[in-house]
Number of protein chains: 2
Amino acid sequence: MHSQHTRVTPPEASGLATLDTPAALISVPRMQHNIARMQAQADALGVGLRPHVKTSKCTPVTQAQLAAGARGITVSTLKEAEHFFAAGITDILYAVCIAPHRLPQALTLRRRGCQLKLITDSVEGAQALADYGRQQGEAFDVLIEIDTDGHRSGIKPDSPAVLAVAEILRQAGMSLLGVLTHAGSSYELNTPEALTALAEQERAGCVLAAERLRSQGFACPVVSVGSTPTALAAGHLHGVTELRAGVYVFFDLVMHNIGVCAQEDIALSVLTTVIGHQRDKGWAIVDAGWMAMSRDRGTARQQQDFGYGQACDEAGRPLPGYVLIGANQEHGILACAAEPDPDIETRFPIGTRLRILPNHACATGAQFPVYHALAEDGQPQPWSRFHGW
Amino acid sequence: MHSQHTRVTPPEASGLATLDTPAALISVPRMQHNIARMQAQADALGVGLRPHVKTSKCTPVTQAQLAAGARGITVSTLKEAEHFFAAGITDILYAVCIAPHRLPQALTLRRRGCQLKLITDSVEGAQALADYGRQQGEAFDVLIEIDTDGHRSGIKPDSPAVLAVAEILRQAGMSLLGVLTHAGSSYELNTPEALTALAEQERAGCVLAAERLRSQGFACPVVSVGSTPTALAAGHLHGVTELRAGVYVFFDLVMHNIGVCAQEDIALSVLTTVIGHQRDKGWAIVDAGWMAMSRDRGTARQQQDFGYGQACDEAGRPLPGYVLIGANQEHGILACAAEPDPDIETRFPIGTRLRILPNHACATGAQFPVYHALAEDGQPQPWSRFHGW
C-alpha cells in the first residue's frame, strides 16, 4: 500500500498534489459567493459594507471584498492597518478601543494619508485621546463604542457616559464620526428568530445612542453595526449607515451551527495527510493537529460538535460523521464520531489526502503563513497572510 | 487618568516600556532554572535528554538546552528539522510518523549531513519507507513508535506488528535504531503517585518492545521515552537510553495543575495593556485576546480553571484570583473569578500593563513571531520564532 503512488486524485483536486500538508486552502468560488451574498445583503438593507479583515489578514481576499463593493475596511490591530494601508487601502476603521500608548502609531498612519478611524468607550480613554490629539494638532476621527448586548466592550446606549465622551472629544477639537456596536453574543444563538431579534436590538441600541448625541448637537453621521450572524438576519437597518462583518468571507462550522451558512459554503479548509491508524479504535491519524486547526472548539457548546473539524475528501466533499475527535500539536485523530469504523484503514490508507473544515476560520487561518487559493480549475496559488502584532 | 504618563513601572520591568502589546515574554532566569532541573533529572536517571523543541521553535532556547547537556533534539515537523539543522544542530529526531510524501525531504536533509531519525508505527508506513530507502540507496535511521498508554499513535508493545515492522526495515537495509514512546495521557493526571505509575508503564512498555526485538536479533540500541510529567515523576528508567520532554522549558498552567511546577516556574507570559472596563461587571478589558493567548483551554477540565490565563503584575508577580475569564480575537476579559471586583477600574486603570501566564506554552508561543527574552536586568532581547510548515 504505497499510497503516495497509488492514490487516485479527483480531478477537482488535481493541483493539490504539489502542496505539502497541512496546508490552508481557500476555495475562491465559495469565497466569491460569500462575498457577493454579504454585499447583496448590505445593498438590500441600504447600508455600506465595511468588512472586518481580521478573518483573513490577506490582501487578495480584502481586495476581492472591495472589488465587490465594500466601502473601507475594519481592522483589529494597527499592524493590519499598516499592512492594508501599504497595500493601497486608505479608509480603515480600527475597531478596538485605542490604548493611549498606541496613539503615536495612529498619528503616524494618519499623517501618511491613512483615513484611520479610532474608537473609544470610556471617559478616561477619550481624555487620553483628546489630550494627545490637541497636543499634536490632530483632529482624530473617532467613533464611540456602544454596548448593545453586554458581551464585551462599549457604553450602554442610554448611559450619560456617551454624552460625556462626546463632550470631551468636542472640546479638544476631535472629529466625532458617530457610534459603533458589535453584537458578538450572536454567536450564542441558532434560530433565525433569535438572530433577527438580536439584530434589531443591536440596531436599535446603536441608533438610540446616535439620536441622544444628535439631540445634544453632535452630527453623528456614522452608525456602524454588525456581526456576521446579525448582518445576515437583520430585517431592516433603519438609522444605520454601515454594516461590519468578518467571518462570512470564509464561513466555518460555528456559523453553520448558528444557521447562517451551509457546509458547502465554507471556503477555508485544511489539507491533511493520513499518517497512521489505530484500527481497533477506528482511528486514522492525520498530520493536521491543533497547530493546524487551532485550539478553537467553538462547536463543542453548539447543537452539533464537530470536534476539531469536519473531514471531507480531497476534492472538498464532506464525509458525514467523520470528524477530528482529538488533536495534539501535529496529530489529529480522525474517526466516525457515532461509532468506530472497523474499515478505517482501508477507507483512508496511509497517504490519503483529506480536507478538514474548521470550527472557526479566524483561528484556523491564523495558524498558517500562507493560504493556497484554488480557482475553478483547482490550481493552487499562494496568498500570503501576516502574523503577529 | 492618563495612565501611560503616570504609570509607575516596577524596577523588574524597566525594560518593558519599549514593547508594544501583546508581546510574548520569556523570563530567562526561569527558563534556565527549568532547563537545569530537567537536565539534572535526566542525569540522575542515567539517560540522555533529547528536548522536544516544538514548544519554543526558537534557536536561542534550543541552544540553551544543548549547552546545559542535552544530546540532540526532537522535532514535530520537517520545517523544524530544516531550521535547526541550518542553525548547526545535526542530531535530530522527527517524532511524528513519516508520511510517504515527505521521504524526499527527509532524504535531502540526510544527504546534506543531518543525522535525521524517522519513526514509523505501521507495516504500511514501514514498507513505504523501506521501498523508498532501498530505491534511493539510503539506510534511513528509524525508530518504531510504541503505544504505551493508548492516547494516540504507536504499536502495542506485545503486538506482532513490532517485529513485522522491524523485519521490513531489516530486509530493506534500513538502520533500526530502536523504539520510542510518549505517554501523553500524563496530561490527564494530577497526583505524584499516578504520574509515577504512568512513567513506569511508559518505561516498561517501551523496554518490553525493545526486549522482544532483541530476542529476534535486532540490536535496538535506543529506547526513548518521555513527556514532561512522566519525565519528572519517573522513579527509575532502567532499560531506557533517552528522555524526551518539551514544555518543561517554559512550563505553563496545565503543568502547574498536573503538579510538576509552581506558578513561579512559568517562564512564558504575555504582556498586555488594559484598554477599558465594564465596571458594573467587574471587568477590565485587555489587549490580549485568544489571538495572543491561543484558544487553548487546557485548564478547563483540570482542578483549577484559569480561563485564558492567570494575571500577574508587570513584574510577573501573580495576582491571585484574577484571570482572563473570556477572550475574543483581540480582547481579553480580566476579572476576579470568585466575585466581581467593584474596584476593577482603579485597580487596573487604562494603560496598566500586566502579564498573563498561559494555559499551554506550546500553543501560546505559536501565536507570536518573536519572543522578548528578559534577562536578570529586565532588558528585553528579541528572539525570533518560526511559524508554519
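The domain assignment splits chain A into domain 1, residues 47-250, and domain 2, residues 261-384. The model is predicted. Between their C-alpha centres, domain 1 of chain A and domain 2 of chain A are 34 Å apart. Chain A also packs against chain B, with about 5,400 Å² buried between the two chains.

**Domain 1 against domain 2 in chain A**

- The contact involves 13 residues of domain 1 of chain A and 12 residues of domain 2 of chain A.
- About 950 Å² is buried between domain 1 of chain A and domain 2 of chain A, and carbon and sulfur atoms give 59% of that area.
- On the side of domain 1 of chain A that touches domain 2 of chain A, 7 residues are nonpolar, 3 are polar and 3 are charged.
- Between domain 1 of chain A and domain 2 of chain A there are 0 salt bridges.
- Polar contact between domain 1 of chain A and domain 2 of chain A amounts to 3 residue pairs, both residues at pLDDT 80 or more.

**Overall form of chain A**

- The secondary structure of chain A consists of 13 helices and 17 strands.
- Chain A has a radius of gyration of 23 Å, close to the 21 Å from the globule rule for 389 residues, so chain A is as compact as a globular protein of that length.
- Along the principal axes, the C-alpha atoms of chain A fill a box of roughly 75 × 45 × 35 Å.

**Interface of chain B and chain A: extent**

- Chain B contributes 63 residues to the contact and chain A contributes 62 residues.
- Of the area buried between chain B and chain A, 55% is on carbon and sulfur atoms.
- Arg152(B), His387(B) and Trp389(B) account for 15% of the area that chain B buries against chain A, more than any other three residues.

**Interface of chain B and chain A: polar and charged pairs**

- There are 6 salt bridges between chain B and chain A.
- The side chains of Arg102(B) and Asp20(A) form a salt bridge, at 3.1 Å from N to O.
- Across the interface of chain B and chain A, 29 residue pairs are in polar contact, with both residues at pLDDT 80 or more.

**Interface of chain B and chain A: the chain B side**

- Elements of chain B that each supply at least two residues of the side touching chain A include helix H6 (123-136), strand S10 (268-278), strand S11 (283-286), helix H11 (290-293) and helix H13 (361-365).
- H6(B) provides the largest share of that side, 5 residues.
- By class, the side of chain B that touches chain A has 22 nonpolar, 24 polar and 17 charged residues.

Conventions:
Residues are numbered from 1 along each chain as its sequence is written. Chains are lettered from A and ligands numbered from 1 in the order in which they are written. This is a predicted model: local features need pLDDT of at least 70, side-chain atom pairs count only at pLDDT 80 or more; totals for chains, interfaces and linings use all residues. Side-chain values use heavy atoms; hydrogens and water are left out. Domain bounds come from an automatic or database domain assignment. Contact means heavy atoms within 4.5 Å. Buried area is the accessible area (1.4 Å probe) that two parts lose on being put together, summed over both. A salt bridge is a side-chain nitrogen of Lys or Arg within 4 Å of a carboxyl oxygen of Asp or Glu. A polar contact is a pair of N or O atoms within 3.5 Å; within protein, one must be able to donate a hydrogen and the other to accept it, and residues adjacent in sequence count only if both atoms are side-chain atoms. Ala, Val, Leu, Ile, Met, Phe, Trp, Tyr, Cys and Pro count as nonpolar, Asp, Glu, Lys and Arg as charged, and the others, Gly among them, as polar. Helices (H or I, at least four residues) and strands (E, at least two) are DSSP runs, numbered from the N terminus. The radius of gyration is taken over C-alpha atoms; the globule rule is 2.2 Å times the number of residues to the power 0.38.
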